[in-house]
Amino acid sequence: MKNNIQAVIFDCDGTLVDSEVPGMDVLHAHALALGLDFTREQAHQQFRGVRMADCIAWIGAQLQHKPDGFEVDFARSVRTAQAERFNEGLAIIPGAFELLERLTIPFCVATNGPREKVELTLGLTGLLKYFPDRLFSAYEVGSYKPDPGLFLHAARVMGVAPQYCAVVEDSLPGILAGLAAGMQVYALIHPDALSPDVLQQIHLIKNLTELNFLETGR
C-alpha cells in the first residue's frame, strides 16, 4: 500500500498535536460534574475521534433529567474549558515537525473538530504555518468521520485521486473514514482497539518517523 502516494491527509488531535487526551479529559470531567459515573478509560474509549455532537448526545442520554438547551450549553462549556486547557500548554506529537518539514508532496489536515479548535491547537504548537490554506473541518464540509466525505473533499481540493492519498489517523472513526474513501491508512493506534478485519487493511505505525518514506511520494 506504499505505492505511488501523492498526497497526505493528517488528522490533527492525537496525530499531529497531543490534544486528544487533554480534550477528552475535559469532556470526562464535565460529564462527571453532571453526575455520570464512568471511568476516564471508558470516556476515552467512548469519545475518541467522535464528533462533539455525538459525544454530547451520548452524555445526554445517560441523564435522568436533561435541562432545556442542554446540548448547546454543554458544548459551549466544554469548548471553553478545552481551549483554556490547551492554552496551558500542548505538545507536538513526536516526529510531526520533522515530517512536515520534509514533505514535498501535498498535505493537509482534515478534522472532525471546528476550524477554531484546529487553528488554536496547531497555532499553539507552531504547526499552523504548514497549513496556510489546507485545513478541512467536518463542520464546514458537512461530513463527519467515519463518513468518507471529509477525506474525499480534501483529496479533490488537492487534485489527487483517493487511492493515491495516505491518511494518518489515531482513532477508529478516522481509520474507517480513510478505508471507506479508498485511501491508504496509517494508524497511530493500539491494535487491540481494532477488529482483525480492519487491521488487515491498514498500516499500524508506532510513531510518525515511520512515515519518512512519504517525503518524496514513493
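Here are some worked exercises on the structure above, each with a step-by-step solution.

This is a predicted model, in which local features need pLDDT of at least 70, side-chain atom pairs count only at pLDDT 80 or more, and totals for chains, interfaces and linings use all residues. Residues are numbered from 1 along each chain as its sequence is written, and side-chain values use heavy atoms, with hydrogens and water left out.

**Exercise 1. Confidence**

Find the helices where confidence is lowest and highest.

Step 1. Begin with the whole protein: its mean pLDDT (the predictor's confidence in each residue, from 0 to 100) is 93. A value of 70 or more is reached by 97% of the residues.

Step 2. Now go by element, remembering that helices (H or I, at least four residues) and strands (E, at least two) are DSSP runs numbered from the N terminus. Confidence is lowest in helix H2 (residues 40-47), with a mean of 92. It is highest in helix H8 (residues 149-158), at 98.

**Exercise 2. Helix H6 and the loop after it**

Work out how the buried residues of H6 are arranged, then look at threonine 125.

Step 1. Buried means under 20% relative accessible area, exposed over 50%, and partly exposed in between (1.4 Å probe, protein chains only). In H6, the buried residues are Lys117, Val118, Thr121 and Leu122.

Step 2. These residues cover an arc of only 120 degrees around the axis, so they sit on the same side of H6. The arc is that of the directions from the helix axis to the C-beta atoms.

Step 3. The buried residues of H6 pack against helix H4 (70-87), strand E2 (107-111) and E3. Contact here means heavy atoms within 4.5 Å.

Step 4. Threonine 125 belongs to the loop between helix H6 (115-124) and strand E3 (135-137). With a relative accessible area of 12%, threonine 125 is buried. Leaving aside residues up to four places away in sequence, threonine 125 touches Val17, Leu90, Ala91 and Ile92.

Step 5. A polar atom of the threonine 125 side chain lies 3.2 Å from the backbone oxygen of leucine 122.

Step 6. Glycine 126 follows H6 and has a positive phi, near 80 degrees. Most residues other than glycine have a negative phi.

**Exercise 3. Around helix H7**

Is tyrosine 139 buried or partly exposed, and what does tyrosine 139 touch?

Step 1. Tyrosine 139 lies in helix H7 and, at 38% relative accessibility, counts as partly exposed.

Step 2. Not counting residues up to four places away in sequence, tyrosine 139 touches Met52, Arg79, Asn112, Gly113, Pro114 and Tyr144. Its C-alpha atom is separated by 5.8 Å from that of proline 114, 25 residues apart along the chain.

Step 3. The side chains of tyrosine 139 and arginine 79 share a polar contact of 2.9 Å. A polar contact is a pair of N or O atoms within 3.5 Å; within protein, one must be able to donate a hydrogen and the other to accept it, and residues adjacent in sequence count only if both atoms are side-chain atoms.

**Exercise 4. The loop between H7 and H8**

Describe serine 143 and proline 146.

Step 1. Serine 143 is in the loop between helix H7 (138-141) and H8. Its relative accessibility is 10%, so serine 143 counts as buried.

Step 2. The side chain of serine 143 makes a polar contact of 2.6 Å with the side chain of aspartate 147. It also reaches the backbone nitrogen of leucine 150, at 3.4 Å.

Step 3. Proline 146 is in the loop between H7 and H8 as well. The peptide bond from lysine 145 to proline 146 is cis, with omega near 15 degrees. Most peptide bonds are trans.

**Exercise 5. Helix H3**

Which residues of H3 are buried, and what do they pack against?

Step 1. The buried residues of helix H3 (residues 52-62) are Met52, Cys55, Ile56, Ile59 and Gly60.

Step 2. Seen down the axis, they fall within an arc of 135 degrees, so they line one face of H3.

Step 3. Their packing partners are helix H1 (20-33), H2, H4 and H7.
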